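User: I should like a close look at a single part of the model shown below. Please answer at length and keep the account connected.
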Amino acid sequence: MASVTNPGQGGSAPPLAVQRGIVKMVLSGCAIIVRGQPRGGPPPERQINLSNIRAGSLARRAAAGQPDAKDTPDEPWGFPAREFLRKKLIGKEVCFTVEYKTPQGREYGMVYLGKDTSGENIAESLVAEGLASRREGIRANNSEQSRLAELEEQAKSSKKGMWSDGTASHTIRDLKYTIENPRHFVDSMHQKPVNAIIEHVRDGSVVRALLLPDYYLVTVMLSGIKVSLGGFWGSLWVSGGGI
């Protein structure tokens, strides 16, 4: 991924490098996968987690082979936050700075839409819409954190997103991982188009889709085509987090 020096940051600390890439996948309302340019093989990828904010976690299916494990539901406003980022970022060029890296290798930083840091600040947009909150314990001791605190107060005053009145039950999906009678399910669709979000592209002919509005998570095989394994890695460029 291209890297340049950010001239806008001053002080004694060395300026953060601004790096660029294409958003391949949106994992949640505060985590994305960015890919670089392919050079003779699959492009490099890295996960960038938005620093200083928190969005609700998405549902998880219980691990197979663990009878005592239970499915984990969406946290309130987690899915709307993911959808906000998916619609805004999938396939788009972004630039980002990495502020810190955990011992486990997780990278946290700022993400901007476009080629430079003059573009839309993604963390600020999420907070402004009430889809994410500032992380607890983060003090507004610099301009970026002060801006997040200001936007959060505005979202609270406007009762946006998570700060709105009432319960957030309408933001939590009732995910259905299995279908008891697949044949009957297919027949009930009467070959009519069904709205869906592509959650993952396994290869050029198999995708994992979230059917709307009932939130069935299904595997769909495209009929009438055959994809060679030689094109496998290329098909994965558009995988996951919705298309």
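In the hairpin of β6 and β7, which residue takes a positive phi, and how many residues lie between the strands?

Analyst: The residue is G105, with a phi near 95°, and five residues lie between β6 and β7 in this hairpin. The model is predicted, so that local features need pLDDT of at least 70 and side-chain atom pairs count only at pLDDT 80 or more, whereas totals for chains, interfaces and linings use all residues. Residues are numbered from 1 along each chain as its sequence is written, and side-chain values use heavy atoms, with hydrogens and water left out.

The hairpin is best read together with the strands beside it. Strands here, like helices, are DSSP runs numbered from the N terminus (E, at least two residues, for a strand; H or I, at least four, for a helix). Two strands are said to pair if DSSP finds at least two bridges between them. As a general matter, strands of a sheet pair through backbone hydrogen bonds, either parallel or antiparallel. β6 and β7 run antiparallel and are joined by seven bridges; within this pairing V94 stands opposite L113 of β7.

β6 (residues 93-101) also pairs with β2 (residues 17-28), in the antiparallel sense and over four bridges. V94 takes part here as well, as the bridge partner of G21. Strand β2 also holds K24. This lysine has a relative accessible area of 10% and therefore counts as buried, the term meaning under 20%, with exposed meaning over 50% and partly exposed the range in between (1.4 Å probe, protein chains only). The C-alpha atoms of K24 and I90 are 6.0 Å apart, although 66 residues separate the two along the chain.

On the other side of the hairpin, β7 (residues 107-113) pairs with β4 in the parallel sense, over three bridges. E107 in β7 is the bridge partner of I48. β4 (residues 45-50) pairs in turn with β3 (residues 31-35), antiparallel and over five bridges, and V34 is placed opposite R46 of β4.

Two cysteines may be considered alongside these strands. C95 has a relative accessible area of 0% and so is buried; C30, at 13%, is likewise classed as buried. A search of the whole structure finds zero disulfides, a disulfide being a pair of cysteine sulfur atoms within 2.5 Å.

The chain that follows β7 leads to a charged contact. Side chains of opposite charge can pair when their charged atoms come close. A salt bridge is counted when a side-chain nitrogen of Lys or Arg lies within 4 Å of a carboxyl oxygen of Asp or Glu, and by this rule the count comes to 17. One of these joins E120 and K88, whose closest N and O atoms are 3.0 Å apart. This pair links distant parts of the chain, 32 residues apart: E120 belongs to the loop between β7 and α2 (122-128), and K88 to helix α1 (residues 78-89). E120 is partly exposed because its relative accessible area is 28%. Another salt bridge holds E83 and R82, at 3.1 Å between the closest N and O atoms, and both of these residues are buried.

For comparison, a separate sheet is found later in the chain. It is an open sheet of three strands in the order β9-β10-β11, with antiparallel pairing. β9 (196-203) and β11 are the edge strands, each pairing on one side only. On average, neighbouring strands of this sheet are turned by 25° against each other, direction ignored; such axes are lines fitted to C-alpha atoms, for helices over the stretch in contact, and angles run from 0 to 180 degrees between N-to-C directions. Six bridges join β9 to β10 (residues 206-211), with H200 opposite R208.

A positive phi also occurs in residues other than glycine. Y215, in the loop between β10 and β11, has a phi near 60°; its relative accessibility is 22%, so Y215 counts as partly exposed. H190, in the loop between α4 (182-188) and β9, has a phi near 55°, and H190 is exposed because its relative accessible area is 58%. The loop between β10 and β11 also contains P213, and the peptide bond from L212 to P213 is cis, with omega near 5°.
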